[in-house]
Amino acid sequence: MGGVSLGILGVTTAGGEALAAARREAERLRGAGAELIVALVSGDRRLARDVREATNARLVVQGGLGRADALPPTRDGSGWVVHGGRQGQGVLVVDLHRPTSEGEAVDLSAWSVEVSAEALDDEIAGLERQLAGWRAEGRSGPAVERQAARLDAMRAERAALRPPRFPDAGPAFEARWIALDAQAPKDEGVGRRLRALDRRINAHNERAFADRSPPPVPEGDAAYVGSTTCGSCHAAAYEWWRSTPHGRAYATLEDLDKEFHLDCVGCHVTGYEQPGGATVTWNLEGALEDVGCETCHGPGSRHVAAPTAEVPPVETPESLCVTCHNEEHSTAFVYAGYRAMLRGPGHGLPPAGSP
Ligand code: HEC
Ligand code: HEC
Ligand code: HEC
Ligand code: HEC
């Protein structure tokens, strides 16, 4: 890159063995001509710092599930650690200027300044509140003056806050994070590769978890029977449900080659990892695919065996919905509005065609 050889390595597990392997890999890369090492780490901040130290990387990019938000660069020894966010929610772009291994790299990121500014603004607001309270109480004296002086200093620091000047010599870098929302432009090449990766993960998990069965149903408790069994008596409700997104939720994943992805399947099937419920591979031969009847009305074997003696609950609290309709996966969720959409012909309304 720009005439400089970059060595890139990745670490996905913690522990001494992984660090030793990372150290060896960094040495191998340097031996092969890499002038700068960039390390990718799936794990927590501690691991990111350990890897940086073990490899003497200039830049460590941390990801993984431990933290949702991307974080601007923080200095660590002779390098920097950046957090890239998780689950493909964004792209971290790092521009390296004069990327030599000599000298300390200067962080030119506006992002770092923004985050520092937010922290300072919070502190300033807190101090302003404290001083206003003291003045309202009529307090004065050296303690008040000291805090007032601290506030002035902080305001001056805030006013002066901006990225450092581009250095006359030596390395510098800028990091920024770009959200990949629905409006983000698509790249065909990246899309193809991600799709191929998704297929590989699907094929791998289907084999690796082939024997994954759910916890057993405790003696006497109701077991899951699957929506088709419910449909044998509640035909109109079943037909309506099939026409709704809940009744197609598994196909949504199949269309994306993600029905065996551990990050996805849990909310697109029925009774995931519950006693007798679906697992990543096991779903009563398809009967527990989709967000089925028993998601909301509970496992139904006892009701099926004695329909009038064991009547399942009808009302579904918001707390159930938000186990799946959370902020990450259902941004538009409002209980009353979504709950109203669960009423359809044969399901809370007279079946189609009835007077
Ligand atoms: C063998 C036929 C049969 C099957 C199979 C069946 N049900 Fe029922 N279901 C009934 C009957 C009959 C009632 C009415 C019971 C009553 O009110 O006394 C009922 C009532 C209900 C009610 C309560 C309705 C209300 O107004 O209180 C719900 C909810 C329900 N069933 C859901 C299910 C679900 C979910 C399944 C699948 C697990 C299922 N049913 C399978 C026959 C069946
Ligand atoms: C097991 C997870 C799960 C639970 C629990 C759940 N849902 Fe859903 N819901 C989904 C999924 C997944 C989809 C999208 C399916 C698809 O399109 O593939 C969805 C879609 C919907 C939709 C369609 C939204 C649209 O824009 O058309 C409504 C309405 C809805 N859910 C309401 C509810 C309500 C109300 C509750 C609670 C009573 C609830 N859901 C409980 C997983 C769940
Ligand atoms: C925490 C539960 C949860 C997980 C995990 C989850 N989903 Fe969903 N998914 C939902 C819910 C809820 C909806 C419905 C959102 C709405 O309409 O408000 C949904 C909707 C969708 C839709 C939109 C359907 C449409 O066409 O509008 C797609 C596509 C989807 N999910 C795919 C995935 C994929 C791929 C994964 C794994 C990366 C995944 N989901 C993981 C709960 C989840
Ligand atoms: C996402 C949650 C959810 C799913 C999935 C769901 N239901 Fe319901 N069900 C409800 C709610 C909420 C009501 C109350 C509707 C109303 O009257 O406003 C209800 C009402 C009912 C009733 C009583 C009202 C009536 O019209 O008889 C029956 C029976 C029933 N559901 C059966 C089923 C069956 C069978 C399925 C699957 C084919 C199913 N439900 C899927 C939430 C759900």
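Helices here are DSSP runs of H or I at least four residues long, numbered from the N terminus. Keep in mind as you click around that this is a predicted model.

**Stop one: ligand 1.** Select ligand 1 and show its surroundings. There are 18 residues around it, and T229, C230, C233, H234 and H303 come nearest. Now colour by helix: helix 6 (227-231), helix 9 (293-297) and helix 10 (301-305) each give the shell at least two residues. Helix 9 has the largest share, with three residues.

Zoom in on the two histidines. H234 puts a polar side-chain atom 2.8 Å from a nitrogen atom of ligand 1, and for H303 the distance to a nitrogen atom of the ligand is also given as 2.8 Å. Colour the shell by class and you'll get ten nonpolar, seven polar and one charged residues. Switch on pockets, too: ligand 1 takes up the space of the second largest one.

**Stop two: ligand 3.** Next, pick the iron atom of ligand 3. Which protein residue is its donor? Select H268: its NE2 is the single donor from the protein, 2.3 Å from the iron. To find H268 along the chain, look in the loop between helix 8 (249-255) and helix 9.

Widen the selection to the 14 residues around ligand 3, where C264, C267, H268, S330 and Y338 come nearest. Then try a few distances:

- H268 side chain (N or O atom) to a nitrogen atom of ligand 3: 3.1 Å.
- H329 side chain (N or O atom) to a nitrogen atom of ligand 3: 3.2 Å.
- S330 side chain (N or O atom) to an oxygen atom of ligand 3: 2.6 Å.

Last, colour this shell by class: six nonpolar, six polar and two charged residues.

How values were computed. Residues are numbered from 1 along each chain as its sequence is written. Chains are lettered from A and ligands numbered from 1 in the order in which they are written. This is a predicted model: local features need pLDDT of at least 70, side-chain atom pairs count only at pLDDT 80 or more; totals for chains, interfaces and linings use all residues. Side-chain values use heavy atoms; hydrogens and water are left out. A residue is near a molecule or strand if one of its heavy atoms lies within 4 Å of it. A polar contact is a pair of N or O atoms within 3.5 Å; within protein, one must be able to donate a hydrogen and the other to accept it, and residues adjacent in sequence count only if both atoms are side-chain atoms. On a 1 Å grid over the protein atoms alone, a cavity is a set of points where a 1.4 Å probe fits but cannot get out, and a pocket is an open set with protein on both sides within 12 Å along at least five of seven lines; lining residues have an atom within 4 Å of a point. A molecule sits in a cavity or pocket if more than half of its atoms lie within 2 Å of its grid points. Ala, Val, Leu, Ile, Met, Phe, Trp, Tyr, Cys and Pro count as nonpolar, Asp, Glu, Lys and Arg as charged, and the others, Gly among them, as polar. Donors are N, O and S atoms within 2.8 Å of the metal (3.2 Å for Na, K and Ca); water is not among the atoms, so sites may look incomplete.
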